[in-house]
Amino acid sequence: MIASNQLTMTGVDGKSVYSFADDGELYTHRIRKLPSGEPREEHGIVIETELPALQGGDDYDSECVISLSWVDAHFDSESILQKLIEIPNSYDESIADHVTNLYYYEHLGFDNVRLRFVDRDDDRFRIELTGACDDPNNGPDGRLDIHVDTVVRLRRVSAEQTG
C-alpha cells in the first residue's frame with residue numbers, strides 16, 4: 001500500500017504541498033446524540049500535519065487538522081474499499097453542528113468533500129480526500145482546494161459521545 005502521505009492546497013497564491021509524519025485515525029461506531037436526544041451512529045477520520053507559518057503572519061508553526069464524519073448504518077471494512085463518500089456541506093442542520101472541519105490557523109468550513117478508500121492492509125487504509133475551504137491568506141474571496149493522499153489507521157470507538 002503506497003500513499004504519498006501528502007496534503008496539497010491550491011489557491012490563488014499557487015500550490016503548497018505538506019507531508020504527514022504519522023497515520024491519521026479512522027474511527028467507527030461512535031454514537032452522537034442529536035438535539036432531539038436520539039442516538040446517531042457516525043464514522044469519521046482525523047488527519048493532522050505540521051505546517052509552516054502563514055505568509056506575513058506570526059513566526060510560528062501550526063498544524064493542519066482535517067476532521068470529518070459521516071453516517072453509515074454499518075461500517076464494513078471489506079466493502080468500504082472503492083466506496084465514495086460525499087459530504088457537500090460542512091454544517092449539518094440535522095445535528096446543528098459541523099461534520100467536516102479543516103483547522104488551518106483557524107477553524108474553517110470544509111465543503112464539497114469526497115472521500116474514497118483506495119486500499120487496505122490489515123487495520124490501515126489508504127484514502128484519497130478532496131474538498132474546498134476559505135483561504136485565510138486571501139480573505140473571503142479566496143478558496144483553497146484540498147487534496148489528501150494518506151493512510152489512516154482504524155480505531156474502533158464504542159463509547160457513547162454526546163454533543
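Tutor: A residue counts as buried under 20% relative accessible area, as exposed over 50%, and as partly exposed in between. This structure is a predicted model.

Student: Is Asp123 buried, exposed or partly exposed?

Tutor: The cut-offs for the class in between are 20% and 50%. The relative accessibility of Asp123 is 26%, so this residue counts as partly exposed.

Student: Which residue forms a salt bridge with Asp123?

Tutor: Asp123 lies in the loop between S11 and S12, and its partner is in strand S13, so the pair ties together parts that are 30 residues apart in sequence. The partner is partly exposed, with a relative accessible area of 37%. The N to O distance is 3.1 Å, and the side chain that meets Asp123 is that of Arg153.

Student: How many salt bridges does the count come to?

Tutor: Side chains of opposite charge can pair when their charged atoms come close. The cut-off for a salt bridge is 4 Å between a side-chain nitrogen of Lys or Arg and a carboxyl oxygen of Asp or Glu. By this rule the number of salt bridges is five.

Student: How far apart in sequence are the parts that Glu86 and Arg114 tie together?

Tutor: Glu86 and Arg114 form a salt bridge, with their closest N and O atoms 2.6 Å apart. Glu86 belongs to strand S6 and Arg114 to strand S11, so the parts tied together are separated in sequence by 28 residues.

Student: Which residues are linked with Arg126 in a network of salt bridges?

Tutor: One salt bridge joins Arg126 to Asp149, the closest N and O atoms being 2.9 Å apart. Arg126 lies in strand S12 and Asp149 in strand S13, so this pair ties together parts 23 residues apart in sequence. Arg126 is buried, with a relative accessible area of 17%, and Asp149 is buried at 8%. The residues linked with Arg126 in the network are Glu128 and Asp149.

Student: What is the arrangement of the rings of Phe117 and Phe125?

Tutor: A search of the whole structure finds one aromatic pair. The ring centres of Phe117 and Phe125 are 5.7 Å apart and the planes are at 85°, so the pair is edge-to-face.

Student: Is Phe125 buried or exposed?

Tutor: The cut-off for buried is under 20% relative accessible area. With a relative accessible area of 0%, Phe125 is buried.

Student: Which strand gives the most to the largest nonpolar core?

Tutor: In soluble globular proteins, nonpolar side chains tend to be buried together. The largest nonpolar core here has 33 residues, and those with the most contacts inside it are Ile45, Ile66, Phe117 and Ile146. Strands that each supply at least two of its residues include S4 (39-51), S5 (62-71) and S11 (111-121). With five residues, the strand that gives the most is S13.

Student: Which residues is Ile66 in contact with, leaving aside its neighbours within four places in sequence?

Tutor: Ile66 is among the residues with the most contacts inside the core. Beyond those neighbours, its contacts are Leu7, Ile45, Val46, Ile47, Asn101, Leu102, Phe110, Leu129, Ile146 and Val148.

Student: What is the phi of Asp122?

Tutor: Asp122 is placed in the loop between S11 and S12. Its relative accessible area of 59% is over the 50% cut-off, so Asp122 is exposed. Asp122 is not a glycine, yet its phi is positive, at about 60°.

Note on methods
Residues are numbered from 1 along each chain as its sequence is written. This is a predicted model: local features need pLDDT of at least 70, side-chain atom pairs count only at pLDDT 80 or more; totals for chains, interfaces and linings use all residues. Side-chain values use heavy atoms; hydrogens and water are left out. A nonpolar core is a set of buried Ala, Val, Leu, Ile, Met, Phe, Trp, Tyr and Cys residues joined through side-chain atoms within 4.5 Å. Buried means under 20% relative accessible area, exposed over 50%, partly exposed in between (1.4 Å probe, protein chains only). Helices (H or I, at least four residues) and strands (E, at least two) are DSSP runs, numbered from the N terminus. Contact means heavy atoms within 4.5 Å. Rings of Phe, Tyr and Trp (its six-membered ring) pair if their centres lie within 6.5 Å; planes under 30 degrees apart count as stacked, over 60 as edge-to-face and the rest as tilted.
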